[in-house]
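Please open the structure in your viewer and keep the selection tool at hand. The tour proceeds stop by stop, each with something to select and something to look for.

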Amino acid sequence: MATVIDGKAYAQKLRNSLAETVATLKKDHDLVPGLAVVLVGEDPASQVYVRNKAKQTIEVGMQSFEHKLPAETAQDTLLALIEKLNGDDSVHGILVQLPLPSHIHESTVINSVSHDKDVDGFHLINVGRLNTDGGGVVPCTPLGCLMMLKAQLGDLTGLNAVIVGRSNIVGKPMAALLLQANCTVTIAHSRTQDLEGLCRSADILVAAVGRARMVPGSWVKPGATVIDVGINRIEEQGKRRLVGDVDYDSASAVAGAITPVPGGVGPMTIACLLHNTVQQAKRLRGIQG
Ligand code: NDP
C-alpha cells in the first residue's frame, strides 16, 4: 500500500513555522502581516473557504481583513475597494475569492491587485516571473503540491512528471514549478491522446481535472507519487462525499505515495496562502530571507 501524504500534517508544520516567523517580524520589525480577503456574493463553498482562511490567518498571529460584498456589486465598486487596499499599509496580501459573479471581468480584477500584494500568484507579472526568472509569488495550490513532493521525494531531478489539467491556477503553474525542479514535464488535457499510457509513464502524477475518480489505479505506474488536486462533491449511497480526481482505493494499491482527498492538497493550499502573505509583507518592507 502507498504511503499516505498527510497534507494536514504538512500544513500544520508550515503554519507552526509561519507563526514563529510572524512573531519574529513583530518583535524585530514591528511588522504584523495583514491579509485582506474580498468575497463577492453568497456562494456557499466560497464562504467556507473565506472563513477558514480568516481563522487560520489569525491563528498564526497575522491580521485578517474580510470584505463581503453583495453579488450585485458593480465592477467599479470592487475595483475601488481593491485600490484602497493596494494603498493600505496594514494590508500586505489581497485575495479576491473566485469565482466572481458573471458581470465582473475576472482578469481585470485580478490584475488590479498590486502585484506586490498578490498572494494568489495570478497577476500577470507574477505569472511572467514564474515562467522566466522563477521569482515573484507562486500560486498556492501548486506551491503546496511542490512542497509535499520535495518533502516526500527529496531531489526531483530527472523524474517524469505528468500533469492532467492545464488551468491557469493549477496545471500550468504546476508544470512551471516541476520544470524548475528539473523534472521532465508533460501536461495533459481533454484533447490528449492515450492519456492512460501517458499517466502510466509518470514518476509523478498530478491530477487537476475536476472529474470524480477519473484516474484509476491501472493508470498509475507502480511506485509513482500521486498528487490528487481534485475536489469533487458527489452523492454515494445517500451520503454526500468529497472525492478526488484519482480513484483512491485502486491507486493506493499501486502508487508509492498518494495524497488523500480530503486531507491532502486542500489544507496545504491555505497554509501556502499564509506563506505567500508573509513573503509579500517581508518584500514590501525590504526584509531579506
Ligand atoms: P479547470 O476546470 O479550470 O481545468 C480542468 C482541466 O482538466 C482542463 O485543462 C481540462 O482540459 C482538463 N480535463 C477535463 N476533462 C478531461 C479529461 N477527460 N481528460 C483529460 N483532461 C481533462 O479546473 P481547475 O484546474 O481549476 O481545478 C481542477 C480540480 O482541482 C477541481 O476539482 C478543483 O475543484 C480542484 N482544485 C482544488 C484546489 C485545492 O486546494 N485542493 C485548488 C484549486 C482547484 P481542457 O483544458 O482541454 O478543457
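**First stop: the six-stranded sheet**

Select Ile204 and look across to the neighbouring strand, where Thr225 in β8 stands opposite. The model on the screen is a predicted one. Now extend the selection to residues 204-207, which form strand β7, and to residues 225-228, which form β8; four bridges pair these two strands in the parallel sense.

Next, display the sheet as a whole. Which order do its six strands follow? Reading across this open sheet, one meets β1, β11, β8, β7, β5 and β6, with parallel pairing. Colour β1 (3-4) and β6 (184-188): both are at the edges and have a single partner strand each, so one side of each has no neighbour in the sheet.

Add helix α7, residues 171-180, to the view. This helix packs on the sheet and touches β5 (160-164), β6 and β7, and its direction makes about 170° with that of β5.

Remain with β5 and β6, which are joined in the parallel sense by five bridges. Select Val162 to find Thr186 of β6 opposite. Then follow the chain from β5 through α7 to β6: this β-α-β crossover is right-handed.

**Second stop: the ligand**

Select the ligand and display its surroundings. Which residues come nearest? There are 22 residues around the ligand, and the nearest are Arg166, Ser167, Ser190, Ile231 and Thr269.

Three distances may be checked here:

- In the side chain of Arg166, an N or O atom is 2.7 Å from an oxygen atom of the ligand.
- In the side chain of Ser190, an N or O atom is 2.5 Å from an oxygen atom of the ligand.
- At His189, a backbone N or O atom lies 3.5 Å from a nitrogen atom of the ligand.

On its own the ligand has 930 Å² of accessible area, and the protein covers 70% of it.

**Third stop: the three-stranded sheet**

Turn to the open sheet with the strand order β3-β2-β4, where the pairing is again parallel. Its edge strands are β3 (63-69) and β4 (93-96), each of which pairs on one side only. On average, neighbouring strands in this sheet are turned by 15° against each other, direction ignored.

Select residues 34-40 to show strand β2, which runs parallel to β3 and is joined to that strand by seven bridges. Within this pair, Leu35 has Ser64 of β3 opposite. Helix α2, residues 44-59, lies across β2, β3 and β4 and runs at about 160° to β3.

**Fourth stop: Lys26 and Asp30**

Lys26 belongs to helix α1, residues 7-29. Leaving aside residues up to four places away in sequence, Lys26 touches Leu31 and Val32. Select Val37 as well: 11 residues separate it from Lys26 along the chain, and the two C-alpha atoms are 22 Å apart.

Asp30 is located in the loop between α1 and β2. What is the sign of phi at Asp30? The angle is positive, about 55°, although Asp30 is not a glycine.

**Final stop: two cis peptide bonds**

Most peptide bonds are trans, and most residues other than glycine have a negative phi. Select Leu98 and Pro99, which are joined by a cis peptide bond with omega of about 0°. Pro99 belongs to the loop between β4 and α4 (106-110).

Lastly, select Val261 and Pro262, where a cis peptide bond also has omega of about 0°. Pro262 is in the loop between β11 (257-258) and α10 (265-285).

Conventions:
Residues numbered from 1 in each chain as written. Predicted model: local features only at pLDDT ≥ 70, side-chain atom pairs only at ≥ 80, totals over all residues. Heavy atoms only, no water. Pairing = 2+ DSSP bridges. Contact = heavy atoms within 4.5 Å. Axes fitted to C-alpha atoms, helices over the stretch in contact; angles between N-to-C directions. Near = heavy atom within 4 Å. Polar contact = N/O pair within 3.5 Å; in protein donor to acceptor, adjacent residues only side chain to side chain. Areas by Shrake-Rupley, 256 points an atom, 1.4 Å probe, with all protein chains shown as cover. Right-handed = clockwise from strand over helix to strand, strands pointing away.
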